[in-house]
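This report looks at a metal site, at one residue elsewhere in the chain, and at how far the coordinates can be trusted. Please keep the sequence and the structure in view while reading.

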Amino acid sequence: MKNIQRFLMILATVVFVSCGDEKKEQETITIGEEGTVERTTTTNTTARDTAGTTAEGTTRQKGVVQVNLTGNDQMQFNLKEIRVKAGETVRLTLKHVGQLPENAMGHNFVLLRKGTDVVDFATKAASASQNEYIPEGAEQVIVHTEMIGGGEETSIEFTAPEAGTYDFICSFPGHYIQMQGKFIVE
Ligand SMILES: [Cu+2]
């Protein structure tokens with residue numbers, strides 16, 4: 001009996017100590033330089049990604065809008081909608097958060113001109129395996145990233161086109177069915 005009491009007391013002490021440690025950690029974060037504040041904002045990204053809705057996955061800094069797009073092994077983009085403003089500089093980072101290699105589960109981001117027939121384009125793209133599934137000289141493509149595999153990341157920078165709604169897809173064969181969304185320029 002006495003042993004159990006002693007054990008409980010020790011447990012209480014451990015919990016107390018770890019609480020103290022946690023607090024200390026928080027204080028350290030708060031004290032940091034201005035940059036730390038930004039990092040705190042970045043932490044919120046996790047919540048936004050989980051929500052997976054509008055205008056999210058984007059942050060603005062010094063006139064550049066950063067879009068954080070991810071693709072996974074289940075053929076899914078994290079964003080169904082990307083919103084930017086006409087003429088602003090867009091930096092889009094595509095991160096493959098899965099593990100499968102490029103030849104099995106490659107992902108890219110392809111922004112298509114207004115009025116492009118997505119199915120028609122994706123069908124042509126599917127046969128352009130020698131060119132990372134971007135049809136040679138395709139006029140429908142405004143901009144695209146390279147094709148990447150699990151664990152890889154790639155970025156492109158471009159000027160947002162005129163206002164309107166554009167389609168974006170992953171042009172790996174068959175992926176566009178799930179991996180497509182709206183790129184909305186306001
Ligand atoms: Cu893909």
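## The copper site

In this predicted model, the copper ion is held by protein donors from Gly 106 (O), His 107 (ND1), Cys 170 (SG) and His 175 (ND1), which lie 2.1 to 2.7 Å from the ion. Two of these residues bring together distant parts of the chain, since Gly 106 belongs to the loop between α3 (102-105) and β5 (110-112), while His 175 belongs to the loop between β8 (164-169) and β9 (180-185), 69 residues apart. Both Gly 106 and His 175 are buried.

Along the chain, the donors of the copper ion follow the spacing G-H-x62-C-x4-H. The arrangement of the 4 donor atoms around the copper ion is irregular, because the angles that they subtend run from 75 to 130°, whereas a tetrahedral arrangement would need all angles to lie between 85 and 135 degrees.

## Thr 93 and its surroundings

Thr 93 is part of strand β4, which covers residues 89-96. Its relative accessibility is 10%, so Thr 93 counts as buried, the cut-off being under 20%.

Beyond its neighbours within four places in sequence, Thr 93 is in contact with several residues, including Gln 66, Asn 68 and Glu 153. Ser 155 is also among these contacts, and the side chains of Thr 93 and Ser 155 make a polar contact at 2.9 Å.

## Confidence in the model

The average pLDDT of the chain is 78, and 70% of the residues score at least 70. Over residues 1-54, however, pLDDT stays under 50, and the model has 11 contacts beyond four places in sequence for this stretch. Predicted coordinates should not be read in detail where pLDDT is low.

Note on methods:
Residues numbered from 1 in each chain as written. Predicted model: local features only at pLDDT ≥ 70, side-chain atom pairs only at ≥ 80, totals over all residues. Heavy atoms only, no water. Helix = DSSP H or I, 4+ residues; strand = E, 2+ residues; numbered from the N terminus. Buried < 20%, exposed > 50% of the residue type's maximum accessible area, 1.4 Å probe, protein only. Polar contact = N/O pair within 3.5 Å; in protein donor to acceptor, adjacent residues only side chain to side chain. Contact = heavy atoms within 4.5 Å. Donors = N, O, S within 2.8 Å, 3.2 Å for Na, K, Ca; no water. Tetrahedral: all angles 85-135°; square planar, octahedral: opposite > 155°, others 65-115°. pLDDT = per-residue confidence, 0-100.
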